[in-house]
Amino acid sequence: MRLILLGPPGSGKGTQAQRLVHRHGIVQLSTGEMLRAAVAAQTPVGLKAKDIMASGGLVPDDMVIGIISDRLDQPDAAKGFILDGFPRTVPQAEALDELLKKKHMRLDAVIELRVNESALLQRVETRVAEMRARGEEVRIDDTQEVLTKRLASYRTLTEPLIHYYSERRKLLTVDGMMTIEHVTREISRILTAIGAVEAKAAKKVGAAKGAKSSAKPAARKTSKSAGKGPGASKKTARASLKAGKPVPQRAKKSLRGALASAKARTAAKPRKTVKKVTKKRAKA
Ligand code: ADP
């Protein structure tokens with residue numbers, strides 16, 4: 001599975017990436033973490049990046065593209081990866097497309113965590129307070145002033161990627177204002193629906209919380225019985241994405257319907273949606 005997590009600072013990318021790593025055994029490639037390590041190790045890249053990062057700016061594209069290219073060649077990336085903090089500009093996204101093409105790798109999806117900007121400053125303040133309480137070192141760019149700049153650069157340089165990936169039918173938007181657990185479940189459901197993960201992985205998420213999501217059994221059923229009849233594919237699509245179009249297998253070929261419906265169902269009313277789906281299934 002190859003994913004990109006997109007979202008402003010404080011949107012929960014790191015938290016969700018960690019959860020995906022544990023669940024799917026893939027690696028998290030965070031350019032922010034890599035750059036911070038380079039700064040700490042005082043490598044040539046780190047020395048160049050240090051002041052730019054401290055001020056909340058973006059380091060030059062070619063620098064991060066080089067880092068990511070090398071990292072994708074490591075054996076642990078072969079099983080799959082989550083890019084967190086990269087790409088952050090349109091040229092980076094274009095370079096990534098080229099890189100993946102050369103390496104014969106295909107991107108499954110870009111997950112955008114959409115959050116209310118007014119909540120972000122508060123979230124980062126809370127993160128900083130918690131880190132301090134644990135005696136951890138706080139990032140030097142986690143101050144109100146620098147965060148404002150990071151948000152501004154997100155808006156100007158990174159937000160255009162939403163359009164970029166939406167045009168390429170890769171974008172899946174999740175409401176990042178829900179609880180961490182809810183966001184995780186939503187991501188899992190979407191990944192199952194587009195066929196990026198097996199339904200049994202999604203089942204784990206629900207089972208862990210004792211949640212009853214009607215999406216899971218239907219998705220599992222259809223991933224086995226796809227092509228056996230129109231009813232099967234219909235059920236899966238409805239159950240997983242509240243839509244009537246694609247089934248996981250087909251969705252791999254044409255993501256359009258799945259992505260559009262996933263986007264639609266990210267309206268922050270997950271409970272209602274589950275009920276509705278259940279009703280529909282009962283009728284079917
Ligand atoms: P955030 O929590 O703000 O999303 P990250 O940990 O991802 O921050 O990155 C921290 C800093 O590292 C950024 O503010 C930027 O200076 C630099 N950085 C990280 N990724 C990139 C990138 N893809 N392109 C340019 N600069 C980057």
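Which residues in H5 meet which residues in H8? In this predicted model, Val90, Ala93, Glu94, Leu96 and Asp97 are the residues that helix H5 contributes, and they meet Pro160, Leu161, Tyr164 and Tyr165 in H8. Sorted by class, the residues of this contact divide into seven nonpolar and two charged, with no polar residue among them. The two helices themselves, H5 spanning residues 90-102 and H8 spanning residues 160-167, have axes that come within 9 Å and cross at roughly 35 degrees.

From this pair of helices we can step back to the whole chain. The protein has 284 residues, of which 50% count as buried, and its secondary structure comes to 15 helices and five strands. Among the contacts with a sequence separation of 6 or more, 70% are accounted for by residues 24 or more positions apart.

The strands form an open sheet of five, arranged in the order E2-E3-E1-E4-E5 with parallel pairing. Its edges are strand E2 (27-30) and strand E5 (171-175), each of which pairs on one side only. On average, and with direction ignored, neighbouring strands of this sheet are turned by 25 degrees against each other. In general, the strands of a sheet pair through backbone hydrogen bonds.

Two of the pairings can be followed in more detail, and both involve strand E4. On one side, strand E1 (residues 2-6) pairs with strand E4 (residues 109-114) in the parallel sense over four bridges, and within these strands Ile4 stands opposite Val110 of E4. E4 also pairs with E5, again in the parallel sense, over five bridges, and here the bridge partner of Leu113 is Val174 in E5.

Although E5 is an edge strand, it is mostly covered, with five of its five residues buried. In a regular strand the side chains alternate between the two faces of the sheet. For E5, Leu171, Thr173 and Asp175 lie on one side and Leu172 and Val174 on the other, and as all of these are buried, both faces of the strand are covered.

At the other edge of the sheet, helix H2 (residues 31-41) lies across E2 and strand E3 (81-84), and runs at about 65 degrees to E2. A residue of helix H4 gives a further view of contacts in the fold: Ile68 is found in this helix, which spans residues 61-72. Ile68 counts as buried because its relative accessibility is 0%. Leaving aside neighbours within four places in sequence, Ile68 is in contact with Leu29, Thr31, Met34, Leu83, Phe86 and Leu99. Of these partners, Phe86 is 18 residues away from Ile68 in sequence, while the C-alpha atoms of the two are 8.4 Å apart in space.

A second helix pair completes the tour. The axes of helix H1 (residues 13-24) and helix H9 (residues 180-193) come within 10 Å and cross at roughly 55 degrees, and H1 is therefore oblique to H9. The crossing of H1 and H9 is right-handed. On the H1 side the contact is made by Thr15, Gln16, Arg19, Leu20 and Arg23, and on the H9 side by Ile180, Glu181, Val183, Thr184, Ile187 and Leu191. By class, this contact of H1 with H9 has five nonpolar, three polar and three charged residues, whereas the contact of H5 with H8 has seven nonpolar, no polar and two charged.

How values were computed: Residues numbered from 1 in each chain as written. Predicted model: local features only at pLDDT ≥ 70, side-chain atom pairs only at ≥ 80, totals over all residues. Heavy atoms only, no water. Pairing = 2+ DSSP bridges. Axes fitted to C-alpha atoms, helices over the stretch in contact; angles between N-to-C directions. Contact = heavy atoms within 4.5 Å. Parallel < 35°, antiparallel > 145°, perpendicular 65-115°, else oblique. Left-handed = near helix turned anticlockwise from the far one by under 90°. Nonpolar A, V, L, I, M, F, W, Y, C, P; charged D, E, K, R; others polar. Buried < 20%, exposed > 50% of the residue type's maximum accessible area, 1.4 Å probe, protein only.
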